[in-house]
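Trainee: I would like a close look at a single part of this model, taken slowly and with its surroundings. Please explain each term when you first need it.

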Amino acid sequence: MFYNVTEHYDSVGEKELPYRCPDCHQKNCLRLHFYQKRIVSPFSSKNSKKVSGVLFCRHTQTEVSPVLWTDEIENFFHREKKTLQLAPTGIKLHRRFYLVIAIPIAAFLFGMAYHTWQTHSYEEKARAIAAVSEGEKVGVMISFIKNRQTAREGTTWLLVTKIAEDTIWLRVHKQLSDDPDFAFDLSDSSFGSRQIKASLPRFKERFLTGFDYTDQRFSGYITDIKK
């Protein structure tokens, strides 16, 4: 990243000098201006303790170069700059600095909150699936298999009709969608007469599998559960 650092010189006072101008040699025409150095970057600004002086001749309306300053003028400059009220020399941070810091922190906190919410949601659904009861409906990503090959696959819902020992019976929804966000009608009449029988222990682990592994007719993963 490249950014500019600039130096500014802020006026902090001025004084009349009772000496002759070393350039035009006129008297009572010198004015000394004092400037405090300020360093500015895109993220902060800092006042320096450094004070510089510009000597101006009102008679010639020009600046008198420091190489022409006499010892009297030099002494005057060093003496008077000690009496100036300078701006505080601490670093002042700009709003851009706080934005640069705040955005990553906010993104991190949002990510942590989202992860926590997802984990909590997953655990809640896992507990609900493990405690499944008759009449509940479960969303699944499912593949229907024929002759050991996938015949159809997608997202659908199943209605729990019976639970006995290690077996669970489910009626399949009339619709099967490739869109995971498809809005299914979950009224009981939306489920067809087709019924599948699956392993209850595997169901409680969110997996939908049958008992006959040599002739598996379906395989799926449970994503949601609703009353």
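Mentor: A patch is built from residues with over 30% relative accessible area and no salt bridge, where like charges are joined within 9 Å and nonpolar side chains (Val, Leu, Ile, Met, Phe, Trp, Tyr) within 5 Å. The areas come from the Shrake-Rupley method with a 1.4 Å probe, and for residues only the protein chains shown count as cover. A salt bridge is a side-chain nitrogen of Lys or Arg within 4 Å of a carboxyl oxygen of Asp or Glu. With these terms in hand, you can find a nonpolar patch on the surface formed by V100, I101, I105, F108, L109 and M112, which together have about 570 Å² of accessible area.

Before going further, keep in mind that this is a predicted model, in which local features need pLDDT of at least 70 and side-chain atom pairs count only at pLDDT 80 or more, while totals for chains, interfaces and linings use all residues. Residues are numbered from 1 along each chain as its sequence is written, and side-chain values use heavy atoms, with hydrogens and water left out. The predictor's confidence in each residue, pLDDT, runs from 0 to 100. Its mean over the protein chain is 88, and 96% of the residues reach 70 or more. By element, confidence in the protein chain is lowest in strand β5 (residues 91-93), with a mean of 78, and highest in β8, with 94.

Let us return to the patch and follow one of its members, V100, which is found in helix α2 (residues 95-130). Helices (H or I, at least four residues) and strands (E, at least two) are DSSP runs, numbered from the N terminus. V100 counts as partly exposed because its relative accessibility is 44%; buried means under 20%, exposed over 50%, and partly exposed in between (1.4 Å probe, protein chains only).

Helix α2 also gives us a path into the rest of the fold, through a salt bridge in which the side chains of K125 and D224 meet at 3.7 Å, N to O. K125 belongs to helix α2 and D224 to strand β11 (residues 218-226), so this pair ties together parts that are 99 residues apart in sequence. The two partners fall into separate classes: D224 counts as buried because its relative accessibility is 19%, whereas K125, at 27%, is partly exposed.

Strand β11, where D224 lies, takes us to an open sheet of 6 strands with antiparallel pairing, in the order β9-β8-β7-β6-β11-β10. At its edges stand β9 (191-199) and β10 (207-209), each with a single partner strand, so one side of each has no neighbour in the sheet. Two strands pair if DSSP finds at least two bridges between them. Between strand β6 (residues 137-146) and strand β7 (residues 149-164) there are 10 bridges, in the antiparallel sense. Following them along the pair, you meet G139 with its bridge partner W157 in β7, and K146 standing opposite Q149 in β7. The hairpin of these two strands has 2 residues between them, and there N147 takes a positive phi near 55 degrees. Moving on along the sheet, β7 pairs with strand β8 (residues 167-173) over 6 bridges, again antiparallel, and K162 has W169 in β8 as its bridge partner. The hairpin of β7 and β8 likewise has 2 residues between the strands, with E165 taking a positive phi near 50 degrees.

Strand β6 has a long-range contact as well, since the side chains of D188 and K137 form a salt bridge of 3.2 Å, N to O. This pair links distant parts of the chain, with D188 in the loop between β8 and β9 and K137 in strand β6, 51 residues apart. K137 counts as buried because its relative accessibility is 10%, while D188, at 46%, is partly exposed.

In all, the structure holds 10 salt bridges. One of them joins the side chains of D10 and R38 at 2.6 Å, N to O, and it links D10 in strand β1 (residues 6-17) with R38 in strand β2 (residues 30-40), 28 residues apart. These two strands run antiparallel and are joined by 11 bridges, with K15 standing opposite L32 in β2. L32 in turn has L55 in β3 as its bridge partner.
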